[in-house]
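Student: I would like a careful look at one part of this model, taken slowly, and then an account of how the rest of the chain is held together.

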Amino acid sequence: MDKIYQSQRMRLACVRTVKSNSVNDILVCRDLYSSAGALYTVLVIKDHAVVRSCLEAFRSAGNAGERACVDSFSDQGMFCMVFAYKQERPLKDFYTGGFYSLNECETICSSVIIACMTAGLPYPLLYLALRQGQLNLAKDHTVYLGWQIDLSGLDLNRTERDCAVECAQILRELLSAKAAQKAYSYRLLEKKIGRKSYDSFTELYKDIQIAAAPEKRRGIQKRLMAWLTRQQDTIFRILLVVCTILVVIVLASLLCQLIFGDVPWLRLLFNGFKTIGTESLTG
């Protein structure tokens with residue numbers, strides 16, 4: 001039986017365990033009270049000191065911290081924090097800088113910063129999310145934050161400055177594929193990261209916008225490759241369906257051969273060409 005976690009307004013059944021350690025479990029749960037079977041990411045915190053740190057972090061963040069957390073409650077001697085589930089599409093796996101133009105790379109970088117600024121996570125938790133690769137790339141190239149956070153390294157002393165510097169390092173890695181071009185944004189990040197001079201996400205965002213390359217059209221080959229990369233999931237599904245149909249046809253043909261001695265639809269196709277109009281091709 002699935003593990004159940006109960007709050008006043010939610011009844012959460014675990015459908016998948018993402019990670020488990022002595023500090024917290026990371027679960028994907030279904031709300032049994034939801035007619036649509038809504039999914040949520042649930043952090044089940046076992047360590048009482050970490051529970052106090054999380055509560056203090058959200059209290060310090062004020063109203064901003066309430067945007068991310070859907071629900072929180074104690075159950076079975078543990079503290080549960082509930083976040084809306086978002087499909088895992090890790091930025092590090094789905095980002096293909098070589099297929100993007102410099103302008104597209106910089107647009108994605110801007111989206112990373114916006115995702116951090118609007119996440120609604122307290123900075124100590126946001127820092128962990130960035131360190132643990134919780135940035136996801138949507139098919140439309142927007143970026144969103146995931147909530148599958150291991151809290152074992154939680155440090156309440158982490159500030160916006162720490163998060164901004166960590167984010168800048170991620171952006172530098174994203175732009176590294178364009179380092180050989182006139183990527184002023186990459187050069188600016190390289191220079192300022194060395195001094196850890198970013199104090200806020202606003203400052204980081206302004207730098208990317210100011211140093212961004214002007215947009216220009218790419219060659220048809222690069223645009224085609226970029227389109228194929230964006231549509232790879234759809235193309236894979238179509239190919240899978242086509243291959244499945246072909247396999248069914250082959251198996252049906254083999255079965256007909258075994259039962260009837262030939263394949264009826266091939267015989268019909270062949271016989272259809274024996275006579276054209278009033279002329280017989282076999283006479």
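Student: Where is Gln76 found?

Tutor: Gln76 is found in the loop between β5 (69-75) and β6, where helices (H or I, at least four residues) and strands (E, at least two) are DSSP runs numbered from the N terminus. The model is predicted, so local features are reported at pLDDT of at least 70 and side-chain atom pairs only at pLDDT 80 or more, while totals for chains, interfaces and linings use all residues. Residues are numbered from 1 along each chain as its sequence is written, and side-chain values use heavy atoms, with hydrogens and water left out.

What draws attention to Gln76 is its backbone, since its phi is near 55°, a positive value in a residue other than glycine. Its relative accessibility is 47%, and Gln76 therefore counts as partly exposed (buried is under 20% relative accessible area, exposed is over 50% and partly exposed lies in between, with a 1.4 Å probe and protein chains only). His141 also has a positive phi without being glycine, its value being near 75°, and His141 is found in the loop between β7 (135-137) and β8. At 16% relative accessibility, however, His141 counts as buried.

From these loops one can turn to the charged pairs, some of which involve loop residues. A search of the whole structure finds eleven salt bridges (a side-chain nitrogen of Lys or Arg within 4 Å of a carboxyl oxygen of Asp or Glu). In one of them, the side chains of Arg16 and Glu88 meet with an N to O distance of 2.9 Å. This pair links distant parts of the chain, 72 residues apart, with Arg16 in strand β2 (residues 11-20) and Glu88 in the loop between β6 (78-84) and α2. Arg16 is partly exposed at 35% relative accessibility, and Glu88 is partly exposed as well, with a relative accessible area of 29%.

Strand β2 also supplies a partner to another salt bridge, between Lys19 and Asp150, in which the closest N and O atoms are 3.0 Å apart. Here too distant parts of the chain are linked, because Lys19 lies in strand β2 and Asp150 in the loop between β8 (143-145) and α5, 131 residues apart. The two ends of the pair have unlike surroundings in terms of accessibility: Lys19 counts as partly exposed at 39%, whereas Asp150 counts as buried at 10%.

Helix α5 enters the picture through Arg161, which forms a salt bridge with Asp199, the closest N and O atoms being 3.0 Å apart. Arg161 lies in helix α5 and Asp199 in the loop between α6 (184-194) and α7 (201-211), so the pair ties together parts that are 38 residues apart in sequence. Both partners are partly exposed, with relative accessibility of 34% for Arg161 and 45% for Asp199. In addition, salt bridges that share partners join Asp155, Arg158 and Asp162 into one network.

Beneath these charged pairs comes the nonpolar packing. The largest nonpolar core has 58 residues, and those with the most contacts inside it are Met81, Leu121, Leu151, Cys167, Leu171 and Leu189 (a core being a set of buried Ala, Val, Leu, Ile, Met, Phe, Trp, Tyr and Cys residues joined through side-chain atoms within 4.5 Å). The largest share of this core, nine residues, comes from α5. Apart from it lies another core, of 13 residues, among them Leu12, Cys29, Tyr40 and Cys80.

Leaving aside neighbours within four places in sequence, Leu171 is in contact (heavy atoms within 4.5 Å) with Cys109, Val112, Ile113, Leu189, Leu204 and Ile208. Phe201, which lies in helix α7, is buried, with a relative accessible area of 2%. With its neighbours within four places set aside in the same way, the contacts of Phe201 are Ile113, Cys116, Met117, Tyr123, Leu126, Glu160, Cys163, Ala164 and Cys167. For one of these partners, Cys116, which is 85 residues away along the chain, the C-alpha atom is separated from that of Phe201 by 7.9 Å.
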